[in-house]
Amino acid sequence: MRNYLKIGMGAALGALMLSAPAAFADDEKIVVGFATAASGFMQAYDKPAEDAARIRIDEINKAGGLLGKQIEIVAADTKSDRAEGAKAGLEVIDKGADIVVVSCDYDFGAPAALAAEGAGLVSFFICAESIKAGIQGVGPNSFSASVLAAVQGATMAEWAYTKKNARNFYRLLDTWTEYNKGICDGFDYQLPKLADAKLVGEDTFKNDDASIAAQITRIKSLPQEPDAIMLCTMMPGAVSAIKQLRAAGINSMILNGSGVSGSYWLSAVPDLSNFFVPDQGSVHGDDPNPKVNEFNAKYKEVTGGDPSSQYVYPGYVMIDVWAKAVERAKTTETAAVVAELEKMKDEPTLFGPRTFTSELHHQNRGRYLITEVSGGKPKVVDEWTISEPIPVDYLASK
Amino acid sequence: MTAILQILFDALSLGSLYALGALGIALIFGVMRLVNFAHGDYIAFCVFAMLWPSIDAAAIVFAGNLPTYLLIPLILCVGAGLSVLSEILVFRRFRNANPATMMIASFALGFVIKYLLLMLYSSRPKSIDLWSNLSQQIEIFGARIPPLQVITICTTIVILLALTAFLKRTRYGLEMRAAAENFTMARMLGVRANLVIMLAFALSGMLAAAVGLILVTQTGTVDINMGANIMLVAFVATVIGGLGSLPGAVIAGFLIGGLSSLMQAYLPADARPFRDAFVYGAVIVMLIWRPNGLFSSKAAKQRV
Amino acid sequence: MTLLSIENISVRYGKLTALRRASITVNEGETLFVTGPNGAGKSTLLKAIAGVVTPREGFIRFNGAHIAGKAPEDIARMGFSMVPEGREVFGGLTIEENLRLGTGMRADKDQAARDLEQVYAVFPMLKDRKDAQAGVLSGGQQQMLVIGRALMASPKLIAIDEPSLGLAPKVTDDVYATLLKLRDSRGLTLLIVEQSATRAGLTGGRMVLMRAGQVALEGDARQLVKGDALRQAYFGYGDH
Amino acid sequence: MQHRPSIIARTWSTPVILIAILLAVALAAVAAGSGPFNQTVIEIFIRVVLVVGLYVFIGNSGVISFGHIGFTCLGAYMTAWLTMLPAIKKSKLKGLPDIILNAKLQYGWGLLAATVFAAICAYVIGKVLMRLSGIAASIASFAVLAVIIQVYSNWDSVTGAQSSVVGIPIVRTIWPYFLCAVIVVAAAYLYSISRSGLALRAARDEATAAAASGVDIPRERLIAFVISGAMMGLGGALFAHSVGVVTPDTFYLGLTFVTLSMLVVGGMNSLSGAVLGVVVLSIIIQVLRWLEKGIDAGFGVISIPNGVQEIAIGVVMIVILMFRPTGMTRNRELVWPGNKLSADAGALPSPADGKTLKT
């Protein structure tokens, strides 16, 4: 069987399916299939978001279920491996999943998501932040519950410009992952839109570089210390880079993506200050929305620990928006659920509004809390939504 | 002038890390012709030994809280212990196996150590603040140099001198050099093979621990893959230096570190992401130019 | 008195049998030549004594203890010093380091220091170049070095594999003269593998002829060299 | 030698047995009819292609290569470029030549192009590298892998850098994979009984003697390198179509060591070792994974904690190598019972047949 799937936006995607395992629907219950990492490298990233998703499922079940049915969970371990990811996807589909939840990272989640797409099911990336996690990289039935990495870079640039009067920016990119590049792409998009803001220099490094001394030398040799450094990186290299930047006496404000969210790593850079992170919700107990703090308490009750970073939250959002769409469609049938999801415009959730369109199953604009780390203590200091969404064209060309 | 001094320092500090790693690999290779791919995992293991096993995001610092004069010997002992243990449990049984078999066995051992750490600590990198005042920079002739860099370079030099003195001046050093050159003959002269090999493993493990300590002080991060990159570069350096030649390994380590720093400093921005491709390209050229390494001559194979 | 006795040992390399139930005894203070054609198992015999290869069967008793299957270093520590074929100096070590390697098992450090001087006295050339790398020595000098190295262990028995291999006749004469001198002055026992039976006949002592992994003939070296029995045994009993 | 039957008559049973094993695996997948198991079997076939590809060079030449997975990467990207929809290429991979930009081929052509492309690259690289031997060759091959991966990880306009290449048609039926595995096994067998294969193994066992009798070692090595490079490229293309997503980091050290381990554990110098290494280790891994999920043994569920599988497979490999340092097959080939051969050589004749050992 061959079917070419045409999708909007000129960006079309073909999937040549020679055999698609038939999924069977059970009328008595609704099945959520988790094809996520229960072991290996990705486990530390998938598990917290999955726990949050389970909390939301539990809430729905306690409140009488979805369409009057209880939600059941089936899970398969991707072992943090791409080929295993495809198997895990096929496995939860075999077990009757109505929605396939896949790994937090696009690369690791895509094989399972593609399996779901092939079976005609809705797939949700639990917290991936690449535009590919959705229509562009999987197909018309795929979504992501988080916000695009580019929005983080754009948010930080615009916020620092507006609220902190930053004019001279320096861009330091860790070329290790696409996520890192995504942050800098957003930053690159936003910067020219800010009058008289300029890029005074840029450099790259690699996450596992033992030392970034050469990169620091380049910053130090600028005639004047930049107002802000846009640091597009993630763990574990982020800590090393931040530590070395500060140790070198570079005191510019450091702007980041959400990859450095959370306080678990702050002990490595004592007395870190002038450091800013965009968060969808605060894990530090000071979220302006008391319901977030309630959720944090519940999370601790269920898992025994505080949320480690903001990447817990998209899991909750995911089940939340999907369940709403199912309620509205009155069925779990894929086309109907996708149609309902695509009707969502600024749909409020605990962690910021969500919009899905037939072009983009991701957020190209989003409300972010700005967390400032000062004297080694993180604190929410502001809230920011970029003035304009980042165009899908721009994102897709990156 | 200042810029050159700065680049020189950056290159030296990166190079000394590679040199220490290469030394650990060359030592074992010299004595038993084993390319130990588990070396990088020894580095990670030593650093994790400072933390209490837990899969929480925040690190629970345990041994890391000990005073410096206890912590350093402890971590060195952990490295030596792990290395000796792997000799006794695994490598001893591969004394006569071919190099490929030994290599794969060492890789499998590294795999086991890595996944053990993953199970105990989870894959999420942990943070630990160790001697962070060493990272505060001081200026020398306009170049900014963190004491840690100075310490790293000095440590490397001290370790090199100490190792050279050990190999040159002591009985065990003499036996180790002899064993490295001709294992069977050394045994026929009464050199206790197992003891010498264990000693070499212990030293190699301590070198891994030293690399781990420097890395964690510099980066503040504990990660299961933290030794992998250094191990790879060290492995390449060992071969370029001339397998089995300790000074060769050290010099090649400095060479690669220097080359990498120079490229970072002088490549145009667009080419900078390809830095490692250029470095490895240079490695290929060097190997074709001198397949036996920079410091290996046929007549007298010099080892320190 | 018997210092070393080898009883019925067999050694195989894969499918190839190098020694078949060979038996040899060496008495204290004597010089025993082991001779025979290529592949007769002479070198294997020494390796088996030294512990480098393990016999499949048979006993080796040295100085009253069973040593078959023991580690080379343990056998060396019991007073068996080996000078293998091809000399095997440590080319990267200096001459003095090579010599000092032999003393590892000794507790009597003072005596070891005196022995070093004695070796230098016997081989003055070694003393002149004691800090040079051993790899640069000529073949004859290397042979001196390895003999000196073996002596440094203060052994009861020195086994030498082909001391004349690759050496000029004049140099070989020197080597043998030195060996005999040492045997007499130190009460050493010598076990010498020598392909040249003539050399054995010249030097004197007992001789064992090996063929196809077994002892084919045994007797006084000078006597054997004169007779026809040796030639017959050497080339086989007419089957060639 | 002259009185022996021809090489094919003596050795044909080896590829037949190996292909029969692969067929048994394929039929098991059909019988099970489960999606994930089907995918597992596909993965086994891909690994057979890769490990046999490694064997053709490493096994025959005796030179350990750490670089072959680089060709896998080249192959995977080539088929991705040719088979994905032009629209995606035009927006993401603008730097591709027009002919590739506009192509939309069936996956079969993609596989072929990947194989040919990898072979060409192997030829060019091999020309430079094959004069090296021993550990220098190993390191140089690793450096080649590093260069390929670094370039593919950063060449934005052509490979999309680290960003995954998507929109590759996914093939979920086992038969194309099975067919490729069979072809590769047969080709590897034919190579090893060819004049070049025999000469190369002679050089592996007795380098000086082979060189003295006129074997041009770099040339024979280059032939093996190109054939194995082509197979690695095919394996990469198959991987791309099995998962549907390609990124450079998939083809780095992890896969290098997994495939090398399978080869060495199986028996590095024998084709049977390459195939058995994959099949046996894959079965062990699968059993361990089932154990991780929990197996109902009637009296209760037997299970092991998550993550133990990786530790266990490492331990299993070490133990196998301890007891069989030359691999499970001891470097011999599987042959039909009764088709007895000299144990030295195994089914594939090795010139080391009559070699003697020095006493």
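Two residues are in contact if their C-beta atoms, placed from the backbone, lie within 7 Å. By this criterion, chains A and B share the most contacts among the five pairs of chains that touch. The model analysed here is predicted.

Chains A and C are not in contact. Their closest C-alpha atoms lie 35 Å apart.

The contact between chains A and B was examined by element and by class. It takes 33 residues from chain A and 37 residues from chain B. On the side of chain A that touches chain B, two or more residues come from each of α1 (43-62), β7, α7 (213-220) and α8 (237-247) of chain A. Helix α7(A) gives the most, with five residues. By class, this side of chain A divides into 15 nonpolar, 14 polar and four charged residues.

Chain D also touches chain A. Here 29 residues of chain D are in contact with 35 residues of chain A. Helices α3 (35-61) and α5 (86-92) of chain D each supply at least two residues to the side of chain D that touches chain A. The largest share of that side, five residues, comes from α3(D). Its classes are eleven nonpolar, 16 polar and two charged residues.

Within chain A, strands β6 (residues 168-174) and β7 (residues 198-205) run parallel. Seven bridges join β6(A) to β7(A). The chain crosses from β6(A) to β7(A) through helix α6 (residues 178-190) of chain A. This β-α-β crossover is right-handed. In the pairing, Phe169(A) stands opposite Leu199(A) of β7(A). Strand β7(A) is also among the elements that give two or more residues to the side of chain A that touches chain B.

Two backbone features of chain A stand in loops. Most residues other than glycine have a negative phi, and most peptide bonds are trans. The peptide bond from Met235(A) to Pro236(A) is cis, with omega near -5 degrees. Pro236(A) lies in the loop between β8 (228-232) and α8 of chain A. Lys79(A) is a residue other than glycine with a positive phi, near 55 degrees. Lys79(A) is found in the loop between β2 (70-77) and α2 (82-94) of chain A.

Three helix pairs were examined in chain B. Helix α5 (residues 147-169) and helix α6 (residues 171-181) of chain B have axes that come within 5 Å and cross at roughly 85 degrees. Helices α5(B) and α6(B) are therefore roughly perpendicular to each other. From α5(B), the contact is made by Phe166(B), Leu167(B), Lys168(B) and Arg169(B). From α6(B), Gly173(B), Met176(B) and Arg177(B) take part. By class, this contact has three nonpolar, one polar and three charged residues.

Helix α9 (residues 228-241) of chain B packs with helix α10 (residues 246-266) of chain B at an angle of about 125 degrees. Their axes are 7 Å apart. Helices α9(B) and α10(B) are therefore oblique to each other. Their crossing is right-handed. Among the residues of α9(B) that meet α10(B) are Val233(B), Val236(B), Ala237(B) and Ile240(B). The residues on the α10(B) side include Gly248(B), Ala252(B) and Ile256(B). The contact of α9(B) with α10(B) has nine nonpolar, four polar and no charged residues.

Helix α10(B) also packs with helix α11 (residues 275-289) of chain B. The axes come within 10 Å and cross at roughly 140 degrees. Angles over 145 degrees count as roughly antiparallel. Helices α10(B) and α11(B) are therefore oblique to each other. Helix α10(B) passes α11(B) in a right-handed crossing. The contact is made by Ile256(B), Leu259(B), Ser260(B), Met263(B) and Gln264(B) of α10(B). Their counterparts in α11(B) are Arg275(B), Phe278(B), Val279(B) and Ala282(B). This contact has six nonpolar, two polar and one charged residues. Ile256(B) appears in the contact with α9(B) and in the contact with α11(B).

Chain C contains an open sheet of four strands, in the order β2-β1-β4-β5 with antiparallel pairing. The edge strands are β2 (16-27) and β5 (65-66) of chain C, each pairing on one side only. Five bridges join the antiparallel strands β1 (residues 2-13) and β4 (residues 57-62) of chain C. Ser10(C) has Glu57(C) in β4(C) as its bridge partner. Helix α1 (residues 42-50) of chain C packs on the sheet and touches β1, β2 and β4 of chain C. The direction of α1(C) makes about 70 degrees with that of β2(C).

Conventions:
Residues numbered from 1 in each chain as written. Chains lettered and ligands numbered in written order. Predicted model: local features only at pLDDT ≥ 70, side-chain atom pairs only at ≥ 80, totals over all residues. Pairing = 2+ DSSP bridges. Right-handed = clockwise from strand over helix to strand, strands pointing away. Axes fitted to C-alpha atoms, helices over the stretch in contact; angles between N-to-C directions. Parallel < 35°, antiparallel > 145°, perpendicular 65-115°, else oblique. Left-handed = near helix turned anticlockwise from the far one by under 90°. Nonpolar A, V, L, I, M, F, W, Y, C, P; charged D, E, K, R; others polar.
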